[in-house]
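Welcome! Have the sequence and the 3D view ready, and take a moment to turn the view around before reading on.

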Amino acid sequence: MNKQELFENIKRKQSFLCVGLDTDIKKIPGHLLKEEDPIFAFNKAIIDATAPYCIAYKPNLAFYESMGVKGWIAFEKTVEYIKKNYPDQFIIADAKRGDIGNTSAMYARTFFEELDIDSLTVAPYMGEDSVTPFLSYEGKWVILLALTSNKGSHDFQLTEDKEGERLFEKVLRKSQEWANDQNMMYVVGATQGRMFEDIRRIVPNHFLLVPGIGAQGGSLEEVCRYGMTPECGLIVNSSRAIIYADKSENFAQAAKDEAGKVQKQMAEQLKAARIV
Ligand SMILES: O=C(O)c1cc(=O)[nH]c(=O)n1[C@@H]1O[C@H](COP(=O)(O)O)[C@@H](O)[C@H]1O
């Protein structure tokens, strides 16, 4: 999916919500455990319930890999299900990969050839040759970690060099030598508030993947105030607050209600910015 198609989907659905499929066998409703593949059964119900309100899904690989082969199968089935039934959804494999060049090339093959997923989160800290193997796939996206939502983002990302440039700023600046706003996005946590202003000075047109609303307490309103562009430029993720809104047999309806609520707030933001 290219940038223009993504923007068209955002306008049509009046939403820039990404539902995070962080599916934990210990958190899903008990009645699903008798299903042959409980993780996939849960994801399928969540996807069917939330698809009208979102434009992207982000399965986080940690939740699947923690279950070994069974988890990997559930992940593949989930990706296939979205592609077959909701082909307008942008799929993000949240795997935070990146390694020496020939190893990154194998990760790229896994996610972009074998699974044919739209995008992958990538860690930038091994530098250019660890990122460029992901960039040779037409129509695929690298989503590079820039300023993350967690407390530990202060440990490295906010440290300054002698010239006063912070590490996340260096990541944003340097990586533009490798890619552009048609094949790279950046992760910026919703908890980072006014930092979005600094980020937009360096990357005014790139899409940002913004996790951290909902369970982590980030403010959608603040993210939009400081981070939105004329083409929206935001994909805002919420995982736990949507998929575990209710742990009874009513879980899918509760996820639908929660996604619907966030979509309404997003529609208001898009209207206020005169995007829709
Ligand atoms: O790359 C990510 O998606 C990510 C980056 C970041 O800075 N913070 C962050 O929370 N995430 C991911 O976004 C999701 C957030 O989940 P909730 O806090 O449950 O909405 C998890 O899958 C995290 O791994």
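What follows is a short tour of this predicted model, from its core to its helix pairs and a few single residues.

## The core and Phe 16

Let us begin inside. The largest nonpolar core has 95 residues. Which of them have the most contacts inside this core? They are Phe 16, Phe 111, Leu 234 and Ile 235.

Pick out Phe 16 in your viewer. Setting aside residues up to four places away in sequence, Phe 16 touches Ile 10, Ile 55, Leu 220, Cys 224, Met 228, Cys 232, Leu 234, Ile 235, Val 236, Met 266 and Leu 270. Leu 234 and Ile 235, which were named among the residues with the most core contacts, are therefore also partners of Phe 16, and two cysteines, Cys 224 and Cys 232, are on the list as well.

## Two cysteines without a bond

How many disulfides does a search of the whole structure find? The result is zero. For Cys 224, the closest cysteine sulfur belongs to Cys 232, and it is 7.1 Å away, which is too far for a bond. A disulfide would need the two sulfur atoms within 2.5 Å. Looking from the other side, Cys 232 has its closest cysteine sulfur in Cys 224, again at 7.1 Å and too far for a bond.

Both cysteines are hidden from the surface: Cys 224 is buried with a relative accessible area of 5%, and Cys 232 is buried at 0% relative accessibility. Cys 232 is located in the loop between α9 (220-227) and β8 (234-238). Its backbone deserves a look too, as Cys 232 has a positive phi of about 70° without being a glycine.

Lys 96 also has a positive phi, near 50°, and is likewise a residue other than glycine. You will find Lys 96 in strand β3 (residues 90-97), where it counts as partly exposed at 41% relative accessibility.

## Two pairs of helices

Two packed helices are described by the angle between their axes and the distance between the axes. Here are two pairs to compare.

| Helix pair | Angle | Axis distance |
|---|---|---|
| α2 (residues 38-50) and α4 (residues 68-85) | about 25° | 9 Å |
| α8 (residues 195-202) and α9 | roughly 30° | within 8 Å |

With its angle of about 25°, α2 is roughly parallel to α4. The crossing of α2 and α4 is right-handed. Their contact involves Ile 39, Phe 40, Asn 43, Lys 44, Ile 47 and Asp 48 from α2, together with Ala 74, Lys 77, Thr 78, Tyr 81 and Ile 82 from α4.

The crossing of α8 and α9 is right-handed. On the α8 side, the contact is made by Phe 196, Glu 197 and Arg 200, and on the α9 side by Val 223, Tyr 226 and Gly 227.

## Two more buried residues

Is Lys 13, in helix α1 (residues 3-13), buried or exposed? Lys 13 is buried, with a relative accessible area of 14%. Beyond its neighbours within four places in sequence, Lys 13 is in contact with Ala 51, Pro 52, Cys 54, Ile 55, Asp 88, Gln 89 and Gln 263.

Finally, look for Thr 23 in the loop between β1 (17-21) and α2. Thr 23 is buried, at 0% relative accessibility. Its contacts, apart from residues up to four places away, include Ile 39 and Asn 43, which also take part in the contact of α2 with α4.

Conventions: Residues numbered from 1 in each chain as written. Predicted model: local features only at pLDDT ≥ 70, side-chain atom pairs only at ≥ 80, totals over all residues. Heavy atoms only, no water. Core = buried A, V, L, I, M, F, W, Y, C linked by side-chain atoms within 4.5 Å. Buried < 20%, exposed > 50% of the residue type's maximum accessible area, 1.4 Å probe, protein only. Contact = heavy atoms within 4.5 Å. Axes fitted to C-alpha atoms, helices over the stretch in contact; angles between N-to-C directions. Helix = DSSP H or I, 4+ residues; strand = E, 2+ residues; numbered from the N terminus. Parallel < 35°, antiparallel > 145°, perpendicular 65-115°, else oblique. Left-handed = near helix turned anticlockwise from the far one by under 90°.
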